[in-house]
Amino acid sequence: MSGTGAVAAVDLGATSGRVMLARVGPGRISMRQVARFANDPLPLWHGDREALHWDLPGLYRHIGRGLAEAARLEPTLLGAGIDSWAVDYGLLRQGALLGLPYHYRDSRSAAGVDAVHAMVGREELYRRNGLQFLPFTTIYQLATEKLSGALEAADEALLIPDLLGYWLTGARVTEHTNASTTGLLGLDGRWDEKVRTRMGLPDLFPDVVEPGTTLGPVLPGVTAAFGLDRTFTMSTVASHDTASAVAAVPMAPDVSAYISCGTWGLVGVELPAPLVSAAGRAANFTNEAGLDGRTRYLRNVMGLWLLSESVRHWQRTDPTVDLSRLLAAAAAAPAPAAVFDVDDPAFLAPGDIPARIADWYRTRELPVPDGPVPMVRAIVESLAAAFATGVRVAAELTGIPLRTIHLVGGGARNRLLCRLLAEHAGVPVLAGPVEATSLGNILVQARTHGLLHGDVDALRAEVSTAFPPQRYEPRTEPVEKAG
């Protein structure tokens, strides 16, 4: 196929989802949003406790309607692909979902962590899968399900984008980039049967496939349910949203670090192969699969969640609270007396984040940011400092000479964050594209359908041309857009 064509990207973040429609060809990427919807945790009572779930049926409905709108606007739509957050999954029996998938912020996994490490120590697990420790990684969630007896009824598990793809096409697969976040995939890209059997876990996940695998046409029942007048092809993309975002970072990997900044900040570098070392494990760096066999060597840092959840809390008593106005005021406010540890576990759960930050300062006998503007300045300053530390450590662990930092995702809109990051890191920050995750999704589809060609570096060159980043120099205001 030559010329241009249209594809749709379903991009699901941890707080919102969107369907983006794009027309793509050599030297051309145009993109518009055709649907956007909230993705809020669904609290349900489980006997004596409140548990957090994902409203997957609601997301499926929004996706179907968004794809129908994309097809209406673009009658020649070639296909669609889905990316989402990692680690979470649905359990099935004979193809039917057994219950709403748990939200990774649910607190149930502590028992699973202990159960896994009683059978496979942290050092051995890191040697086998290369992953940083996160208490909600899939392996810990499944161990918790095993302890509760929930796995006894299941005969299959699908990660979130694969589950949604199954509902749309009937195809059951596990896409590689998301599989690499489960803790059950070896560094060779195959399911680690030794770990699974030692844990006593059943064989639940389907075979691993690469980004760009055709799933098939949208099922006739789906087209009827959502008012589509025809079908189109679904295919896998780099379905872990960070993998899609990194695929669209217009960087030179041998001299650059990246930050995919949304609800989380994913801070790291790209390598040709996994790097498993004691120093990397101690620094909590992970090796996750990227596009075209690349490795995303990174660690999670609490991201814009701290701002969005704080604003949500303030708006409960004052609906006029506006983040953009707070950020403008924070830019003129003095820096906090000290930055706080954004990765403190106290900030993981939803709720009154400002009060928890105040407690962090108070227990250390440090001046507490008093009011929304000083609190926002403290949050942004602390995020910038944590991001700068993350890229510095990544460079030290890998030997990559750090000349630029690429910040993509929603954080690229935050001028204060970009400026402070450049100051804390001491190197230029190139901000954008904002919609990097959707772009990465679109680029893989475009290659699958023959609209673009080449490896991930060739795809990034298309991004650099279409979406030149904004440059922030250390201790200066941003200068003109970078070429």
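Student: Which helix holds Thr169?

Tutor: This is a predicted model. In it, a helix covers residues 160–169, and Thr169 lies within that range. The helix is H5.

Student: Is Thr169 buried or exposed?

Tutor: Its relative accessible area is 9%. The cut-off for buried is under 20%. Thr169 is therefore buried.

Student: Which backbone oxygen does the side chain of Thr169 reach?

Tutor: The side chain of Thr169 has a polar atom 3.1 Å from the backbone nitrogen of Ala171, but that partner is a nitrogen. The oxygen partner lies at 2.8 Å. That backbone oxygen belongs to Gly165.

Student: Leaving aside neighbours within four places in sequence, which residues is Thr169 in contact with?

Tutor: Contact here means heavy atoms within 4.5 Å. With the sequence neighbours set aside, the list for Thr169 is Leu215, Gly216, Pro217, Leu219 and Met234.

Student: How many disulfides does a search of the whole structure find?

Tutor: A disulfide needs two cysteine sulfur atoms within 2.5 Å. The sulfur of Cys261 has its closest cysteine sulfur in Cys418, at 8.1 Å, which is too far for a bond. Both residues are buried, Cys261 at 1% relative accessibility and Cys418 at 0%. For the whole structure, the number of disulfides found is zero.

Student: Which are the edge strands of the open sheet of seven strands?

Tutor: The order in this sheet is S16-S17-S15-S14-S18-S19-S20, with mixed pairing. An edge strand pairs on one side only, and this holds for S16 (286–289) and S20 (470–472). From one strand to the next the twist averages 30°. The edge strands are S16 and S20.

Student: In what sense do S16 and S17 pair?

Tutor: Strand S17 spans residues 295–302, and four bridges join S16 to S17. In S17, Thr295 stands opposite Ala289. The sense of the pairing is antiparallel.

Student: Within what arc do the buried residues of H17 fall?

Tutor: Helix H17 covers residues 456–466, and its buried residues are Val456, Leu459, Arg460, Glu462 and Val463. Seen down the axis of H17, they line one face of the helix because they fall within an arc of 150°.

Student: Which strands and helices do the buried residues of H17 pack against?

Tutor: The partners include two helices and three strands by name. The helices are H9 (241–247) and H16 (436–448). The strands are S2 (16–25), S3 (28–38) and S15 (264–271).

Student: At the start of H17, which residue's side-chain oxygen reaches the backbone nitrogen of Asp457?

Tutor: The oxygen comes to within 3.1 Å of that nitrogen. The residue is Asp455.

Note on methods: Residues numbered from 1 in each chain as written. Predicted model: local features only at pLDDT ≥ 70, side-chain atom pairs only at ≥ 80, totals over all residues. Heavy atoms only, no water. Buried < 20%, exposed > 50% of the residue type's maximum accessible area, 1.4 Å probe, protein only. Polar contact = N/O pair within 3.5 Å; in protein donor to acceptor, adjacent residues only side chain to side chain. Pairing = 2+ DSSP bridges. Axes fitted to C-alpha atoms, helices over the stretch in contact; angles between N-to-C directions. Arc of directions from axis to C-beta.
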